[in-house]
Amino acid sequence: MNLIGNIIWLIFGGLAAALGYIVSGFLFCITIIGIPFGIQCFKIGLFTLMPFGREVRDGAGSTGCLSTLFNIIWIFTGGIWVALCHLFFGVLLTITIIGAPWGRQHFKLMSLTFAPFGKEIL
């Protein structure tokens with residue numbers, strides 16, 4: 001089921017979303033200050049390619065002050081809007097029973113895109 005879900009996800013927008021995150025990651029990596037944010041965009045982009053069968057959890061060192069500071073900067077520089085976009089599509093997809101599995105993936109992406117620093121993907 002995970003393979004079929006990932007294939008359908010890629011066909012109906014997952015590939016475009018992943019490419020958007022990866023391009024954003026390259027744009028962030030142009031400056032030295034943006035490299036940590038670019039790395040998080042790459043992490044989100046790779047997770048967006050195949051979200052079925054994977055989980056997002058807090059990492060072992062997720063309570064550090066640097067992770068908290070970067071998450072605050074991330075939220076104020078656009079992370080809130082990306083998370084709200086995933087929330088919107090998650091709610092929209094869970095209206096129907098058929099779209100519920102894809103809505104759950106958007107909710108996973110929402111939690112990751114709201115505060116990506118200190119999270120790990122299993």
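How far apart do the end C-alpha atoms of residues 69–119 lie, and what percentage of the span is helix? Let's look at this predicted model one close-up at a time.

**View 1. Two spans that UniProt puts under one domain name.** The unreviewed UniProt entry places "domain: Inner membrane component" at residues 4–54 and 69–119. To answer the opening question, the end C-alpha atoms of residues 69–119 lie 14 Å apart, and the span is 78% helix with 2% strand. For residues 4–54, the end C-alpha atoms lie 14 Å apart too, with 78% helix and 0% strand.

**View 2. A tilted pair, Phe28 and Phe37.** The structure holds 10 aromatic pairs. In this one the ring centres of Phe28 and Phe37 sit 6.0 Å apart and the planes meet at 35°, so the pair counts as tilted. Phe28 is partly exposed, at 33% relative accessible area, whereas Phe37 is buried, at 8%.

**View 3. A stacked pair, Phe37 and Trp74.** Here the centres of the Phe37 and Trp74 rings are 6.3 Å apart and their planes differ by 10°, so this pair is stacked. It also links distant parts of the chain: Phe37 belongs to helix α2 (residues 35–49) and Trp74 to helix α3 (residues 65–93), 37 residues apart. Both Phe37 and Trp74 are buried.

**View 4. The aromatic cluster.** Zoom out a little, and which residues join up? Phe28, Phe37, Phe70, Trp74 and Phe117 form one aromatic cluster. Phe37 is a familiar face here, as it pairs with Phe28 and with Trp74.

Note on methods
Residues numbered from 1 in each chain as written. Predicted model: local features only at pLDDT ≥ 70, side-chain atom pairs only at ≥ 80, totals over all residues. Heavy atoms only, no water. UniProt positions renumbered as here; feature names shortened; annotations may be inferred. Helix = DSSP H or I, 4+ residues; strand = E, 2+ residues; numbered from the N terminus. Phe/Tyr/Trp six-rings, centres within 6.5 Å; stacked < 30°, edge-to-face > 60°. Buried < 20%, exposed > 50% of the residue type's maximum accessible area, 1.4 Å probe, protein only.
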